[in-house]
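Trainee: I'd like to go through the terms used for this structure. Could we take them one by one?

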Amino acid sequence: MGNVILRRFVSLPFVIFSITFITFWVGFLAPGDPILSMMGGRNDQATYERLRHLYGLDQTWNDQYFRYLGGLLRGDLGLSFRYQGRPVVEIVSGGIPVSVSLGAVALVLSLSIGVPVGIWAALWQNTTAERLSMAAMLMLYSIPSFVLIPIFRWVNYQFYARGWPSLPVAGWGQPEHWIMPVLVLAAASVGYIARLTRVSMLEVLKQDYLRTAYAKGLGQNRILWVHAFRNAVLPIITVVGPSVAFLVTGAFVVENIFAIPGIGFLSVQAIQQRDYPVIQSTTVILAAAVVLMNLITDLLYSLLDPRIRVEG
Amino acid sequence: MFTKRLLTVLLVSVLFILAVAPAAAQEGGNLRWSLEGINDLVSLDPAKASDSQGFTVIGLLYGGLVRLDGDLNVIPELAESWTVSEDGLVYTFTLREGAAFSDGSAVTASDVVWSLTHALDPATGGWTGPFYLSNIAGANEVASGSTPELSGAVAVDDRTVQITILQPSAYFLSQLTFGSAKIVSSKQATTDAQWENNPLSSGPFQLKEWNHGQGIVLVPNPGYYQKSPLASITMPFIQDSETAYQLYRTGQLDIMGSQQNGIPSVHVAEAEGQADFRSTSLFAVRYVAFNNKLAPFDNADVRRAFALALDKQTLANDVLAGTVVAADRILPLGIPASELPVTSLSFDPAAAKAALVAAGVTPETIGTVKLTYGVEGDNERVVTVLQAMWKESLGIDVTLEPLELSTFSARLNETTQTPETGLQMYYSVWGADYPDPQNFLSQQLRTDVGNNNGHYSNTEFDALVDQADVLTGDVATRLGLYNQAEQIAVSEVGWLPLFNPRLNILVNPKVVGVVFNGQGLIIPDFAALNVSA
């Protein structure tokens, strides 16, 4: 198994490198540039040329790319174009803890609701209650966040208009600010995890070794938790890795609409204004996060399932 | 189950906390004013600010020699008076007695000279300086890097600044109200490399706190000549206008809406008629422009045909639900010279067809006609209607090309540089930088100026605006010249104007001292700006 870990760690830099390469290339080819975006339609060719030169935008693609890579290796992510000379590291480092904590809480919430609901649904299979709840889970899974948000807000406004306690519409800093964004982010994952848990549980419940356990006279609880659940949870763990990717993309919408100063918030505006250094850096960070999470969940999975371990 | 019980407890305790926590208290003097459409300010250095939100904050933090009042007249700010020489080329400003920065140090003439030079300095990396201060003698030399000294700005003594300009201009003082002409402390800027993060203010407010990605908090500056009664101004950055609207409705904001980011159009109907709804026609015009160097729009008759085929009243009243005012001329209402009459090309399908015939063009022979536009706001709806109207009146199929905003800017730029590969027809907008017809006529439609993306060219128009641009003193003649020029541009369709957009914002009735007009929100007297408890 040490080999597996080693191989994965070695591949990480290659993945990151390819991502910087592709992002840089795509950004370079995309029409529009940060200077035009700044000047807002006011055309002054002389000033435009001068600023392009100042920001090094008139250099060749290779020059710009290798300068960027060099900086990246030294931990210097460059200077932002839009925020005139502010280091990207400074801009981005503020956003990382916010996005990470938001995503972590959403993930924990979706697991802590989704898994129990899925187990319950498996145990009460084919009852009306179970069918209704699974339909609800499917709805949560399929409704996009930008549809869910106005619904939440409308409900919240009804509370506010009647003078009942209500949540802040946007912002960050107080515990109340977390509630709606976390709910929205977790909503889709909850649906997915609940349904997956149910299927996985049903599979496991059919297994022969459980029948043996019943025959042996073991209690319901012990069978459920010690034997069934532990096996059913394995597919959930494999799903957590890609869920992080899902949460990351979900965060783009949520952070922008709720004005949460995280990476998603930064990325969207950077893309609209062609702030290349920021775009590069956020892409690399997000990609690294997804790759890392996948690595961790793979390792966790192989730890939990002895069968996988042996095959290495 | 355990998890479910935990969740219930969590939910109940959250509701409990919300019930007993004090409501977001609006203490006597904290004005909550949102900045929409951004997630952070570019910089607190006035020479680097480049968007309207940045300029709003800059206008609160810094003073210039002059600023605009509620009627958009130039009034003294840090300069208490000025004189202009006979030939209109030398302006001598006397700084206000006792004008001070937020640390108590005096605002001196050398600060003024330093600030102007800094705005033009290529190392600063701003574009507003070279753009708006280009009329100052020596400005171009500084901007191109040939010399560090701005010959046209001289500190005669501590309280007197003399500025020499290249050609007489009726709007030079308006250009000095801009961000690039604000005054910073040269002492702080030259000694502290990080000064932009905690700058000394010359304006009515100073920086208390700047939370990147979240918002900025300002408190009054005791050194300014108008003392603000407010305790503070909190300005959160809200990227999404819908969010800002919701925040206002749940009592979290006192002012919501700004240039380009007003009340979302879906909410205008419900907001209208409320005490806090404020609406004004902007000094802006949305228009269709043509590439005058490529067929078929190099022919004025074809352009006229397209202009006559549009029913702008229906567009404004039915499609855009009366939220805009149809425009048949280039100058928006309220700009000087807009009160002088212009014969426009009103909706006339028969005349449109006749114009097409006169051009010797038919729907079959015209070839591909493509209208390019940036995707934002109601643009999509507008161009779809235009497409339908042209089809109905002229029988011509116009293809629509939506582009992302930055891409659209890039293509416009390309149209200016290399018209052969540029856009054929595009839908765009221009908002006044300052309320003067020069900003709409000379700066947009004179032959070969930077903003004339479509390369419209008419020698008579050029002669008229060139003459008007340098006229000072005789306002009537000057405006008359612009009026004649506008008439040419309208008849020849330099631009095909569609409508003047409106800006709708929400201002809590508890806020006093703000004036709302075509340039946005203006505070004529900072001593009167307050929000009652």
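Mentor: Start with two strands of chain B in this predicted model. Strand β14 (residues 284-290) of chain B and strand β19 (residues 496-500) of chain B run antiparallel, and 3 bridges join them.

Trainee: What makes β14(B) and β19(B) a pair?

Mentor: Pairing needs at least two bridges between the strands. β14(B) and β19(B) have 3 bridges, so they count as paired. In one of these contacts, B:Y287 has B:P497 in β19(B) as its bridge partner. As a rule, strands of a sheet pair through backbone hydrogen bonds.

Trainee: Where do β14 and β19 sit in the sheet of chain B?

Mentor: The order is β15-β19-β14-β18-β16-β17 (chain B). That is an open sheet of 6 strands with mixed pairing.

Trainee: Why are β15 and β17 of chain B called edge strands?

Mentor: Each pairs on one side only. That applies to β15 (325-326) and β17 (398-403) of chain B.

Trainee: Now the helices. How do you know how α10(B) is oriented to α12(B)?

Mentor: Helix α10 (residues 300-308) of chain B and helix α12 (residues 349-359) of chain B pack at about 165°. Angles over 145 degrees count as roughly antiparallel, so α10(B) is roughly antiparallel to α12(B). Their axes are 8 Å apart, and the crossing is left-handed.

Trainee: Which residues meet there, and of what class are they?

Mentor: From α10(B) come B:D301, B:V302, B:R304, B:A305 and B:L308. They meet B:A351, B:A352, B:A355, B:L356, B:A358 and B:A359 in α12(B). By class, that contact has 9 nonpolar, no polar and 2 charged residues.

Trainee: What makes α5(A) oblique to α12(A)?

Mentor: The axes of α5(A) and helix α12 (residues 276-304) of chain A cross at roughly 40° and come within 10 Å. Roughly parallel needs an angle under 35 degrees, and roughly perpendicular runs from 65 to 115. The value fits neither, so α5(A) is oblique to α12(A). This crossing is right-handed.

Trainee: Which residues of α5(A) and α12(A) meet?

Mentor: A:V88, A:I91, A:V92 and A:I96 in α5(A) meet A:P277, A:V278, A:S281, A:T282 and A:I285 in α12(A). The classes are 7 nonpolar, 2 polar and no charged.

Trainee: How many residues does each chain give to the contact between A and B?

Mentor: Chain A gives 46 residues and chain B gives 42 residues. On the side of chain A, the elements that give two or more include α5 (88-123) and α10 (220-257). The largest share, 5 residues, comes from α3(A). That side of chain A divides into 22 nonpolar, 16 polar and 8 charged residues.

Definitions and conventions:
Residues numbered from 1 in each chain as written. Chains lettered and ligands numbered in written order. Predicted model: local features only at pLDDT ≥ 70, side-chain atom pairs only at ≥ 80, totals over all residues. Contact = placed C-beta atoms within 7 Å. Helix = DSSP H or I, 4+ residues; strand = E, 2+ residues; numbered from the N terminus. Nonpolar A, V, L, I, M, F, W, Y, C, P; charged D, E, K, R; others polar. Axes fitted to C-alpha atoms, helices over the stretch in contact; angles between N-to-C directions. Left-handed = near helix turned anticlockwise from the far one by under 90°.
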